[in-house]
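The following exercises treat a single protein structure. Please attempt each task before reading its solution.

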Amino acid sequence: NLRKIKGHETKLVEYRLLVDAKMESGIYPLDLNIKYKDENDKEYSLETKVYLPVAGKGETDDLTPRVIIDNYYFPSEYVEAGQIFPLNISFFNTSENTTVKNIKVSLNADEQIFSPVGSSNFFFIKEIGPRQASENTINLKAKIDAENRNYTISADIEFQDSKGEKYTEKEIISIPVNQQLHLTVSHIEMPPQIFAGSPTSLSID
């Protein structure tokens with residue numbers, strides 16, 4: 001429960017979550033319901049999601065290799081609309097015995113809010129050993145007209161095991177975007193005459 005957050009201020013809130021021991025590895029959505037008031041005591045509510053990577057273990061992990069996103073990060077708490085930022089993603093091979101290879105990752109942003117800078121939206125990883133991770137960085141740019149909210153990026157992952165058998169995975173991550181507020185004056189209406197020392201009124205759009 002936060003008492004006050006100023007304009008463009010960021011505050012961290014820590015929650016302790018209990019993860020079921022039977023959960024398989026993957027990224028799971030967490031629903032957030034945010035309620036707040038403005039300075040005039042008017043109430044608002046916002047529903048959004050964040051996506052949490054979980055390093056668990058399923059019953060078939062040793063038989064079927066999986067490649068998941070076990071961590072991702074960017075330099076700040078949120079991304080500014082219109083700005084370029086590096087996104088670092090860690091891909092983890094959950095198998096204890098199998099090396100995965102020829103990994104192709106394709107990134108697709110919700111509403112095409114993020115576009116790659118200086119590269120395409122996909123990249124290759126030669127191989128990832130058992131219980132090993134590979135970190136990869138891509139530069140993205142958020143749309144200048146993006147709204148203030150969380151946006152998702154889906155990662156479509158294609159790979160092969162040591163026998164050449166093909167597999168696919170789909171992971172989702174969430175990135176918050178901040179839109180700077182700007183005041184624009186489009187038209188000013190003035191009275192025909194203004195007298196020095198006398199009050200007057202203006203109409204501004």
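Two strands pair if DSSP finds at least two bridges between them. Helices (H or I, at least four residues) and strands (E, at least two) are DSSP runs, numbered from the N terminus. The model is predicted: local features need pLDDT of at least 70, side-chain atom pairs count only at pLDDT 80 or more, and totals for chains, interfaces and linings use all residues. Residues are numbered from 1 along each chain as its sequence is written, and side-chain values use heavy atoms, with hydrogens and water left out.

**Exercise 1. Describe the pairing of strand β9 and the directions of its side chains.**

Step 1. Begin with the partners. Over 9 bridges, strand β5 (residues 84-93) pairs with β9 in the antiparallel sense. Within β9, Ser134 is the residue opposite Phe91.

Step 2. Strand β7 (residues 114-116) is also antiparallel to β9, joined to it by 3 bridges. Here Phe114 has Ala142 of β9 as its bridge partner.

Step 3. Turn to the side chains. In a regular strand the side chains alternate between the two faces of the sheet. The term buried means under 20% relative accessible area, exposed means over 50%, and partly exposed lies in between (1.4 Å probe, protein chains only). In strand β9 (residues 133-142), Ser134, Asn136, Ile138, Leu140 and Ala142 point to one face and are buried. Ala133, Glu135, Thr137, Asn139 and Lys141 point to the other face and are not buried.

**Exercise 2. State the strand order of the open sheet of 5 strands and identify its edges.**

Step 1. The order is β4-β11-β10-β6-β8, with mixed pairing.

Step 2. The edges are β4 (79-80) and β8 (122-128); each has a single partner strand, so one side of each is left without a neighbour in the sheet.

Step 3. At one edge, β4 and β11 run parallel and are joined by 2 bridges. Val79 has Val177 in β11 as its bridge partner.

Step 4. Consider also a residue of β6. Asn102 belongs to strand β6 (residues 100-109) and is partly exposed, with a relative accessible area of 47%. Leaving aside residues up to four places away in sequence, Asn102 touches Ile125, Lys126, Glu158, Phe159 and Gln160 (contact means heavy atoms within 4.5 Å).

**Exercise 3. Describe the hairpin of β1 and β2 and the salt-bridge network that includes Asp41.**

Step 1. β1 (26-37) and β2 (43-54) run antiparallel and are joined by 12 bridges. The hairpin they form has 5 residues between the strands, and Asp41 in the turn has a positive phi of about 70°.

Step 2. A salt bridge is a side-chain nitrogen of Lys or Arg within 4 Å of a carboxyl oxygen of Asp or Glu. Lys37 and Asp41 form one, with their closest N and O atoms 3.6 Å apart. Lys37 is partly exposed, at 46% relative accessibility, and stands opposite Glu43 in β2.

**Exercise 4. Which parts of the chain does the salt bridge between Glu169 and Arg66 tie together?**

Step 1. The closest N and O atoms of Glu169 and Arg66 are 3.0 Å apart.

Step 2. Glu169 lies in strand β11 (residues 166-178), whereas Arg66 lies in the loop between β2 and β3 (67-73), so the pair ties together parts that are 103 residues apart in sequence.

Step 3. Glu169 is buried, with a relative accessible area of 16%. Arg66 is likewise buried, at 15% relative accessibility.

Step 4. A further salt bridge joins Asp156 and Lys170 (3.0 Å, N to O). Asp156 lies in strand β10 (residues 149-160) and Lys170 in strand β11, so this pair ties together parts that are 14 residues apart in sequence. Asp156 counts as partly exposed, at 27% relative accessibility.

Step 5. To complete the network of Exercise 3, salt bridges that share partners join Lys37, Asp41 and Glu43. The whole structure contains 6 salt bridges.
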